[in-house]
Amino acid sequence: SKILIRPYSLIQKSFIITFLCQIGVCPILLYHFYEVSISSFIMNLLFVPLFSFIILPINVIFLILCATVPSLANILFIFYEPLRNMLTQIILFFSNIPFQLWNPGRPSLELLVLAFLGVFWTFIILEKNKKFKKMFMSLGIPILLIEFSPYLNSSLDISFLDVGQGDSTVIQMPHEKGVILIDSGGLLRFDQENWKKTQSPFEIGRNVVVPFLKGKGISKIDTFVWTHADSDHIEGAEEIIEEMRITEIHLTPGILKEAALIEALQAAKEKNILIKEQMARRDWSVGETKLRYLSPIDTHYEGNNDSLVLLLEHKGFRALFTGDLEEEGEEYVLRSSQSFIQDIHLLKAGHHGSKTSSSQRFIEFLNPQLTIFSAGKNNRYGHPHKEVLMRFDELSLITRSTAEEGTITIQFENGNIFIDSSSHKKN
């Protein structure tokens, strides 16, 4: 109140009120939505009065007219609707301005408390009319700590997302050196009667994968891997391309004309994203992490067994991501890459644990310390299949499933492996 009773002009007072409200709710916004609009500090000066004093009263009047004089309301809507649509387009235009969203991810509880202390300190500084330099410190220190705390993370994080009956895996390199996204999840949409269809269908990419990435403070994907052309692996790709910055897309050869990819490829071309077909023996490094494709061997796409198979190596830790690889493809990987895959630490099981994959010979040779099945709870296919689970049990191999635990994150640091799932934590 001491701040607001000062003799400011209307514009100055509007800006101060907006500023105080914005910094007061910023920690809450970060915790729940993982990002804050920087442009909102200016845009709210325009839109708060516009909606409060013009749009809301007009809508109330139209509501009354619709109930009392509908013919007059219909005439007025002819003029009002184009203006309302134009306003929507203006809002969307400003919301799409590049780099106007601060996305540091969800802050820890300690950083959240520090942020609120910074806000409280700022209010005191403003109330006592002290130097702005102190205010820059009260806000700047929490902002810098929230922004740069992810860079202090020295662990390799691999998250198998709970995307239902599909696949999506996020690999975060230590110290924010890079992000790899393998597949995007998606829904196998079967023909339905028109009355069962919704106008706003659930989108795995926009509703699951993107919020997870933003919650981790990820706004850029360095490599987006499309293992093959099945909808449950790739349908969400278009939404992710629209929402995130992506450097390049890797895909298995021969799928550029597959129907499931048409919309995603179009979105990628509009964003000028580099698209590369990849094959066995292609490799690259990100810091101390080495990545190598082990399959496929040719450019003729025939389905699951032509999935891109990716091997990750980091300071002695090895993980294998197999897409929807089945027994025939597993045999090829065994013949061509034995020296890389024996006794690995982490396996993403092929084809969601289908009985046509994870063959006895394959898992005996790999002897993985931990295997993850990406599958939907109570899915119609019965994945992971009982026969497959028995094979792992008989070999005393540890398995986890997203169907039972939700999103599962594997952290590797200083030679130790930690498992963190949505439902519980285990070391």
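Here are some exercises with worked solutions on the structure shown above, which is a predicted model.

**Exercise 1. Disulfides**

Task: Find out how many disulfides the whole structure has, and look at Cys 26 to see why.

Solution:
- Let's start with the idea itself: a disulfide is a covalent bond between the sulfur atoms of two cysteines.
- For the search, two cysteine sulfur atoms have to lie within 2.5 Å.
- Now take Cys 26: the closest cysteine sulfur belongs to Cys 21 and is 11 Å away, so it is too far for a bond.
- Searching the whole structure gives zero disulfides.
- As an extra step, check the surroundings of two cysteines. Cys 26 has a relative accessibility of 15% and counts as buried, while Cys 66, at 40%, counts as partly exposed.

**Exercise 2. Aromatic pairs**

Task: Work out how the rings of Phe 93 and Phe 94 are arranged, then do the same for Phe 373 and Phe 392.

Solution:
- Two values are needed here: a pair of aromatic rings is described by the distance of the centres and the angle of the planes.
- The count for this model is 11 aromatic pairs.
- In the pair of Phe 93 and Phe 94, the centres are 5.5 Å apart and the planes make an angle of 70°. Planes over 60 degrees apart count as edge-to-face, and that is the label for this pair.
- Next, ask how much of each residue can be reached. Phe 93 is exposed, at 55% relative accessible area, and Phe 94 is partly exposed, at 29%.
- Turn to Phe 373 and Phe 392: their centres are 5.6 Å apart with 85° between the planes, again an edge-to-face arrangement.
- Phe 373 belongs to strand β14 (residues 370-373) and Phe 392 to helix α12 (residues 386-394), so this pair links distant parts of the chain, 19 residues apart.
- Phe 373 is buried, with 0% relative accessible area, and Phe 392 is also buried at 0%.
- To finish, look for rings joined into a group: Phe 62, Phe 77 and Tyr 80 form a cluster through ring pairs.

**Exercise 3. A charge over a ring**

Task: Which residue lies over the face of Tyr 31?

Solution:
- Find the ring centre of Tyr 31 and look for a charged side chain above the face. Arg 106 is there, at 4.4 Å from the ring centre.

**Exercise 4. Salt bridges**

Task: Say how many salt bridges the structure has, and where the partners of three of them lie.

Solution:
- The search of the whole structure finds 14 salt bridges.
- Begin with Glu 35 and Lys 214, whose closest N and O atoms are 3.2 Å apart. The cut-off is 4 Å, so this pair qualifies as a salt bridge.
- Locate the partners: Glu 35 is in the loop between α1 (10-33) and β1 (36-37), and Lys 214 is in helix α6 (residues 204-215), so the bridge ties together parts 179 residues apart in sequence. Both Glu 35 and Lys 214 are buried.
- Continue with Glu 203 and Arg 206, which meet at 2.7 Å, N to O. Glu 203 is partly exposed at 24%, and Arg 206 is partly exposed at 26%.
- The third bridge joins Lys 315 and Glu 288, with 3.5 Å between the closest N and O atoms. Lys 315 sits in the loop between β11 (309-314) and β12 (317-321), and Glu 288 in the loop between β9 (283-286) and β10 (289-295), so parts 27 residues apart in sequence are tied together.
- Lys 315 is exposed at 56%, and Glu 288 is exposed at 53%.
- Finally, trace the links: Glu 35, Glu 203, Arg 206, Lys 214, Glu 242 and Glu 243 are linked in a network of salt bridges.

**Exercise 5. A nonpolar patch**

Task: Which residues form a nonpolar patch on the surface, and which elements give two or more of them?

Solution:
- The patch is formed by Phe 120, Trp 121, Ile 124, Met 137, Ile 141 and Leu 145, and together they have about 560 Å² of accessible area.
- Two or more residues of the patch come from α4 (109-127), and likewise from α5 (132-148).
- Pick one member to check: Met 137 lies in helix α5. Patch residues need over 30% relative accessible area, and Met 137 has 43%, which makes Met 137 partly exposed.

**Exercise 6. Sequence and space**

Task: How far apart are Leu 152 and Ile 372 in sequence and in space?

Solution:
- First find Leu 152, in the loop between α5 and β3 (156-160). Leu 152 is exposed, at 69%.
- Then compare with Ile 372: the two residues are 220 residues apart in sequence and 27 Å apart in space, C-alpha to C-alpha.

Key
Residues numbered from 1 in each chain as written. Predicted model: local features only at pLDDT ≥ 70, side-chain atom pairs only at ≥ 80, totals over all residues. Heavy atoms only, no water. Patch = residues over 30% accessible without salt bridge, like charges linked within 9 Å, V, L, I, M, F, W, Y side chains within 5 Å. Areas by Shrake-Rupley, 256 points an atom, 1.4 Å probe, with all protein chains shown as cover. Salt bridge = Lys/Arg side-chain N within 4 Å of Asp/Glu carboxyl O. Helix = DSSP H or I, 4+ residues; strand = E, 2+ residues; numbered from the N terminus. Buried < 20%, exposed > 50% of the residue type's maximum accessible area, 1.4 Å probe, protein only. Phe/Tyr/Trp six-rings, centres within 6.5 Å; stacked < 30°, edge-to-face > 60°. Lys NZ or Arg CZ within 6 Å of the ring centre and 35° of its normal.
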